[in-house]
Amino acid sequence: MAHVRTYRTHVKTGNWNEDLCLEEDAKKEYLEKKARGELTAQKVDFLKQNILRPVELSVTKDGGLHFGDVVMLVNMGSENRECSAVCINADTNSLTKIPSPGIKAPCEISAGKVIQPCIRTAFIITSVDGSPEGSTLLFEQSFALKTTSDFAMGLYLTSDLRTFQKCAKKSRLQEVNVVDGVSFLSWWKIVHFDPQERLEYEGHPVPANVKVLVVHCKTNQALAVLGDQVLWTTYGKEYEVTAHTFLDSHKAERNNNHWVLCTSDPAGDGLMLLNRTEPAANSKDQIHKH
């Protein structure tokens, strides 16, 4: 009859005092973390409230892109891949509160399917060759892409040659992320959509809201989104972004490498890409007319 309980239910047994102390300590630690805003749910809410704040994109008056413009990099997708925009893929481990709340560098990027201009998706076209702010960006001209200041900390879109230890997590291709400080690794250039037209358009103004290639200056690899490499992020299902040129049988870049640098509609009707996504070949004359 050893299995028969010989004591009342309220009798304390075993290391009851130690268990009670541990439970009280756990509750105290929980309340302290909650007061400091350090619970995981609180961190996620804080991150989303800040990084998803709306940002006003620049409005182009002459149809072209300029240094200092705030734009979004959007890939229009394909049959097997939805339309997506380059995003800062920050999670709770990327947060810092010293000296002010923001994102720690380096930080990963991804391609998100929510096409909304916000701190997470906005990039500033920044000069690296002394071109004054407001001057026109030209095809093949080097520039940098910088996140907005404040919470996004003004980080630069950067890439480098892949190594065994430094490469994209899923595809193992060339990694792209955002880092603190500009260097040659942060230099990019816009290349014409059509390989047969590139020599003709070199040095001409880059039109906004049309398909172009964004090429890394050091490695000569084009920015790409990978529809077959899915990332599950704090923001949902997204695609991996890498620097790799995908060519078809005609030696032309595939739609993985096609990007639209989006600006706002001057009429206030949202993004221009919703109304106009033709290749740059159809837009050069429009820029020169202004």
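This is a walk through the fold, the charges and a few backbone oddities of the structure above. Keep in mind that we're looking at a predicted model.

Let's start with the overall picture. The secondary structure adds up to four helices and 14 strands. Of the 290 residues in the protein, 46% are buried. If you take the contacts with a separation of 6 or more, 69% of them come from residues 24 or more positions apart. As for the outside, the protein exposes about 15600 Å², and carbon and sulfur atoms supply 50% of that area.

A good place to look inside is A90. You'll find A90 in the loop between β2 (84-88) and β3 (95-96). Is A90 buried or exposed? Its relative accessibility is 0%, so A90 counts as buried, the limit being under 20%. Leaving aside residues up to four places away in sequence, A90 touches L47, I51, I103, C107, T234 and Y235. Take L47 from that list: it sits 43 residues away from A90 along the chain, yet the two C-alpha atoms are separated by 8.2 Å.

W188 is another residue to click on. It belongs to strand β10, which covers residues 188-191. With a relative accessible area of 0%, W188 is buried too. Measure from its C-alpha to that of K218 and you get 8.3 Å in space, for 30 residues in sequence.

K218 takes us on to the charges. Side chains of opposite charge can pair when their charged atoms come close. How many salt bridges does a search of the whole structure find? The count is eight, and three of them are worth a visit, starting with K218 and D160. The closest N and O atoms of K218 and D160 are 2.9 Å apart. This pair links distant parts of the chain, with K218 in the loop between β11 (211-216) and β12 (223-233) and D160 in the loop between β8 (156-159) and β9 (174-179), 58 residues apart. K218 has a relative accessibility of 38%, so it counts as partly exposed.

Next comes the salt bridge in which the side chains of E238 and R120 meet, at 2.7 Å from N to O. E238 lies in strand β13 (residues 236-243), while R120 lies in the loop between β5 (107-112) and β6 (123-127), so the pair ties together parts that are 118 residues apart in sequence. Both E238 and R120 are buried.

The third bridge joins K166 and E175, with 3.1 Å between the closest N and O atoms. Here K166 is partly exposed at 37% relative accessibility, and E175 is partly exposed as well, with a relative accessible area of 21%. That value for E175 falls in the partly exposed class because buried means under 20%.

Now for charges that gather on the surface. K33, K43, K97 and K104 form a positive patch. One of them, K43, is located in helix α2, residues 40-51. Its relative accessibility is 32%, which means that K43 counts as partly exposed. There is a negative surface patch as well, formed by E24, D25, E29 and E32. Within that group, E24 sits in helix α1, residues 16-36. E24 is partly exposed, at 47% relative accessibility.

Last stop: the backbone. Which peptide bond is cis, with omega near -5 degrees? Go to the bond from A105 to P106. P106 is in the loop between β4 (102-103) and β5.

Two residues that aren't glycine have a positive phi: M153, where phi is near 65 degrees, and N209, where phi is about 65 degrees. M153 is found in the loop between β7 (143-147) and β8, and N209 in the loop between α3 (198-201) and β11. Their surroundings can be read from the accessibilities: M153 is partly exposed, with a relative accessible area of 30%, whereas N209 is buried, at 0%.

Definitions and conventions. Residues numbered from 1 in each chain as written. Predicted model: local features only at pLDDT ≥ 70, side-chain atom pairs only at ≥ 80, totals over all residues. Heavy atoms only, no water. Patch = residues over 30% accessible without salt bridge, like charges linked within 9 Å, V, L, I, M, F, W, Y side chains within 5 Å. Areas by Shrake-Rupley, 256 points an atom, 1.4 Å probe, with all protein chains shown as cover. Salt bridge = Lys/Arg side-chain N within 4 Å of Asp/Glu carboxyl O. Lys, Arg positive; Asp, Glu negative; His and termini not counted. Charge placed at Lys NZ, Arg CZ, Asp CG, Glu CD. Helix = DSSP H or I, 4+ residues; strand = E, 2+ residues; numbered from the N terminus. Buried < 20%, exposed > 50% of the residue type's maximum accessible area, 1.4 Å probe, protein only. Contact = heavy atoms within 4.5 Å.
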